[in-house]
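Please work through the exercises below with the sequence and the 3D view side by side, and try each task before reading its solution.

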Amino acid sequence: PHASSIEPAMQPVTMNETARSFHQWSLDDIPFDQVDPQRVHDDVALFQLLAASSFVEIDTPFYANHLAEFAREDEPFAQWVLEGWQPEEVRHGTALKRYVTTAWPEYDWQRAYDEFHAEYLPLCVDEVLQPTLGLEMISRGVVEVGTSTFYGMIASYAREPVLKTLAAHIRADEVHHYRAFLETYRRHREAEHTGRM
């Protein structure tokens, strides 16, 4: 498609507009009591994907705190990272954890998470950030495109209705996150002289 035909979907949003997307759904909106474990229990790949995703999403604050400090001169963005993006990502992880422990009650989620966290935490350091905020936003944009695609795939693949609903909610949030990171990149690229290379 021509760029002009896709541009409206990619229009940047302000931090205030993006913030309004938060709390559109909550854990109370997901009917975990209606999960049908028989539809997913034997799907080992799905189990592994959901469990791993819950770990990563719940650990978002350890990256988000570094990102907010890195972006402290862009106060509206840094505030959105801590008050908008971070809690929404943690909500994703908490919802996925609840789904996993409901569909696979025999799984020791806490033990597995503790092992993951011990290996993941040392990776959340300033050295992994890109040299400028604009370049870090490009990196975040790539991640958000990947996560929105991932959760869209889960929603399409799922044969269990509660999981389909949950994955669709998370996918929509990830698209909002992408738009916020894109808008922040656009605000910084001129000052940073960011070229295509």
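The exercises that follow concern a predicted model, and each one is solved step by step.

**Exercise 1. The overall make-up**

Task: Find how many helices and how many strands the chain has, and state what share of its residues counts as buried.

Solution: Begin with the secondary structure, which comes to eight helices and zero strands. Reading from the N terminus on, the elements therefore run α-α-α-α-α-α-α-α. Then turn to burial: the chain has 197 residues, of which 42% count as buried.

**Exercise 2. Two packed helices**

Task: Describe how helices α7 and α8 are placed relative to each other.

Solution: Two packed helices are described by the angle between their axes and the distance between the axes. First locate the two elements, helix α7 at residues 133-157 and helix α8 at residues 161-192. Next take the two values: α7 and α8 pack at an angle of about 165°, and their axes are 8 Å apart. Because angles over 145 degrees count as roughly antiparallel, α7 and α8 are roughly antiparallel to each other. Last comes the handedness, and here α7 passes α8 in a left-handed crossing.

**Exercise 3. A pair of residues from the two helices**

Task: Determine how far apart the C-alpha atoms of V175 and E144 are, and whether each residue is buried or partly exposed.

Solution: Start with the positions, since V175 lies in helix α8, while E144 belongs to helix α7. Along the chain V175 and E144 are 31 residues apart, and their C-alpha atoms are separated by 7.0 Å. For burial, the cut-off to keep in mind is that a residue under 20% relative accessible area counts as buried. V175 has 29% relative accessibility, so V175 counts as partly exposed, whereas E144, with a relative accessible area of 1%, is buried.

**Exercise 4. Salt bridges**

Task: State how many salt bridges the whole structure has, and examine those formed by R140 with E144, R111 with E115, and E69 with R72.

Solution: Side chains of opposite charge can pair when their charged atoms come close. A search of the whole structure finds nine salt bridges, and the three named in the task can be taken in turn.

1. R140 and E144 form a salt bridge whose closest N and O atoms are 3.2 Å apart. Because R140 and E144 are four residues apart in helix α7, about one helical turn separates them. R140 counts as buried at 11% relative accessibility, and E144 is buried as well, at 1%.
2. R111 and E115 form a salt bridge with their closest N and O atoms 2.9 Å apart. This pair sits in helix α6 (residues 109-120), where a spacing of four residues means that R111 and E115 are separated by about one helical turn. R111, at 46%, is partly exposed, and E115, at 45%, is partly exposed too.
3. E69 and R72 meet through their side chains in a salt bridge of 3.1 Å, N to O. E69 counts as partly exposed at 45% relative accessibility, while R72, at 52%, counts as exposed.

To finish, look for a network of salt bridges, which links D74, E183 and R187.

**Exercise 5. A nonpolar patch**

Task: Identify which residues form a nonpolar patch on the surface, and place L49 within its helix.

Solution: The patch consists of L49, M153 and Y157, which together have about 260 Å² of accessible area. L49 is found in helix α3, residues 44-58, and with a relative accessible area of 35% L49 is partly exposed.

Definitions and conventions: Residues numbered from 1 in each chain as written. Predicted model: local features only at pLDDT ≥ 70, side-chain atom pairs only at ≥ 80, totals over all residues. Heavy atoms only, no water. Buried < 20%, exposed > 50% of the residue type's maximum accessible area, 1.4 Å probe, protein only. Patch = residues over 30% accessible without salt bridge, like charges linked within 9 Å, V, L, I, M, F, W, Y side chains within 5 Å. Areas by Shrake-Rupley, 256 points an atom, 1.4 Å probe, with all protein chains shown as cover. Salt bridge = Lys/Arg side-chain N within 4 Å of Asp/Glu carboxyl O. Axes fitted to C-alpha atoms, helices over the stretch in contact; angles between N-to-C directions. Parallel < 35°, antiparallel > 145°, perpendicular 65-115°, else oblique. Left-handed = near helix turned anticlockwise from the far one by under 90°.
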